[in-house]
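Please open the model in the viewer and keep the selection tool at hand. The tour proceeds from one selection to the next.

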Amino acid sequence: MLIGEVARRSGVSARMLRHYESLGLVRPSGRTGSGYREYSGEDIQRIFQIESLRSLGLSLREIGRALGDPGFTPSALVDDLIRQTRERIAAETDLLTRLRRIRAAQPAGWEDVLQVVALLQALGSKSADVRQRAALSSADEVPVPVEALVEAALGETEPNVAGALRWALARSDGGGPALLAEGLASPVAAVRERAVRSLVEMPGDEATARLREALAHPDVVVRGYAALALGTRGAAEAVPALIDMIVDGRNDTEAADALSVLASDTVTADQIATRLDDRLAHDTTGAPARGRLTQALAGILGARASRALVELSHDADRAVALTAAYLLQSRDAGYSGNPVQM
């Protein structure tokens, strides 16, 4: 079979077949009377073998070794090809991510593109100062895409840089809350904490909705951050989680403050007081928890909280009774405008 027919049937150009011949990969078995190359069936089979190995990513030199050495074992070479392929995929994936982020920034010209590239590179710098400056400058005319800010925030360990990234996220365009909510599903506790802390500083209804979802999160740290944030936002759904924090002694002072913010009207104040009183009556975690629950009543105004304090002033636990009596005295003094004498 002449070279033109071989090229047509194999899909390998005549020029490439000559190149294979020059490298010694395949040699036509004979020549015609006119001097044209003539390929046998075995030659054609070897051409297909070369093309098959090329499809795996082998270089022509590696193919020559593989086909020319009867004792050649492919396992090491295949392992090396797997490693190279993974590295190439990772590099291409990284490039694709950067290109998408540049497109998301909607650059008006090449100067904008270069600015976004510089900011993305700075966010990945080994220098904390460089990362912090990049985060703080991300709110400029050409902002860093929110995906990049979220990725940086979830991986940042330096407190100052993390604070700057949360600040930048709070001022970014839409999409941040949903991406941070995905971070709450991370198997790494530190990443989940960074996600919820960033979400806490995000304004708007979507962030509030994501925080409401986080109240049911299995991670107690995530639930705590969400409850405190929702309390300051006036979301009554946070009340049970806030009371749990007081019982457990986790940020109990902040939780009590959040309850007092929520108790801004008589109805809500009475509902919170009832919940606190119920936990005091049924909680079995011991005296410290009951003491914290009693102290939490201090920030809850209204008749229901006052009645609970009156009952607690006669509690069998002397510490609880004294705390309740003091709070009642403080409350009475506050109503009358007279200071409490200690």
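Select helix H9 (159-170), which gives the largest share of the lining of the largest cavity, 3 residues. Helices here are DSSP runs of H or I with at least four residues, and strands are runs of E with at least two, numbered from the N terminus. A cavity is a set of points, on a 1 Å grid over the protein atoms alone, where a 1.4 Å probe fits but cannot get out; a pocket is an open set with protein on both sides within 12 Å along at least five of seven lines; lining residues have an atom within 4 Å of a point. This is a predicted model, in which local features need pLDDT of at least 70 and side-chain atom pairs count only at pLDDT 80 or more, while totals for chains, interfaces and linings use all residues. Residues are numbered from 1 along each chain as its sequence is written, and side-chain values use heavy atoms, with hydrogens and water left out.

Next, add Ala153, Glu156, Ala162, Leu165, Arg166, Arg194 and Ser198, the residues that line the largest cavity. Besides H9, helix H11 (189-200) gives two or more residues to this lining. The volume of the cavity is about 40 Å³, where a volume is the space filled by probe spheres set on the grid points, and points are joined across faces, edges and corners. The count comes to 1 cavity of 30 Å³ or more. By class, its lining has 3 nonpolar, 1 polar and 3 charged residues; Ala, Val, Leu, Ile, Met, Phe, Trp, Tyr, Cys and Pro count as nonpolar, Asp, Glu, Lys and Arg as charged, and the others, Gly among them, as polar.

Now turn to the pockets. The largest pocket has a volume of about 330 Å³. Select Pro143, Val144, Pro145, Val146 and Asp173, which are the closest to its centre among the 18 residues of the lining. Helix H5 (75-104) and helix H8 (146-155) each supply at least two lining residues. The lining comprises 9 nonpolar, 4 polar and 5 charged residues.

For the second largest pocket, of about 220 Å³, select Asp94, Thr97, Arg98, Arg101, Leu120, Gln121, Leu123, Gly124, Ala148, Glu151 and Ala152. Two or more of these residues come from each of H5, helix H6 (110-123) and H8. Which helix gives the largest share of this lining? It is H5, with 4 residues. The lining divides into 4 nonpolar, 3 polar and 4 charged residues.

Keep H8 selected and add helix H10 (residues 176-183). Their axes are 10 Å apart and the packing angle is about 35°; axes are lines fitted to C-alpha atoms, for helices over the stretch in contact, and angles run from 0 to 180 degrees between N-to-C directions. The crossing of H8 and H10 is right-handed, a crossing being left-handed if the near helix is turned anticlockwise from the far one by less than a right angle, and right-handed if clockwise. Val146, Glu147, Val150 and Leu154 of H8 meet Gly176, Leu179, Leu180 and Gly183 of H10, contact meaning heavy atoms within 4.5 Å.

Move on to helix H13 (residues 220-232) and helix H14 (residues 239-248), whose axes come within 9 Å and cross at roughly 120°. H13 and H14 are therefore oblique to each other; angles under 35 degrees count as roughly parallel, over 145 as roughly antiparallel, 65 to 115 as roughly perpendicular and the rest as oblique. Their crossing is left-handed. Select Gly224, Ala227, Leu228 and Gly231 of H13 with Ala241, Leu242 and Met245 of H14 to display the contact. This contact has 5 nonpolar, 2 polar and no charged residues.

Finally, keep H14 and add helix H16 (residues 266-282). The two axes come within 11 Å and cross at roughly 40°, which makes H14 oblique to H16. The crossing is right-handed. On H14, select Val239, Pro240, Ile243, Asp244 and Val247, and on H16, Ile272, Arg275, Leu276 and Arg279. This contact includes 6 nonpolar, no polar and 3 charged residues.
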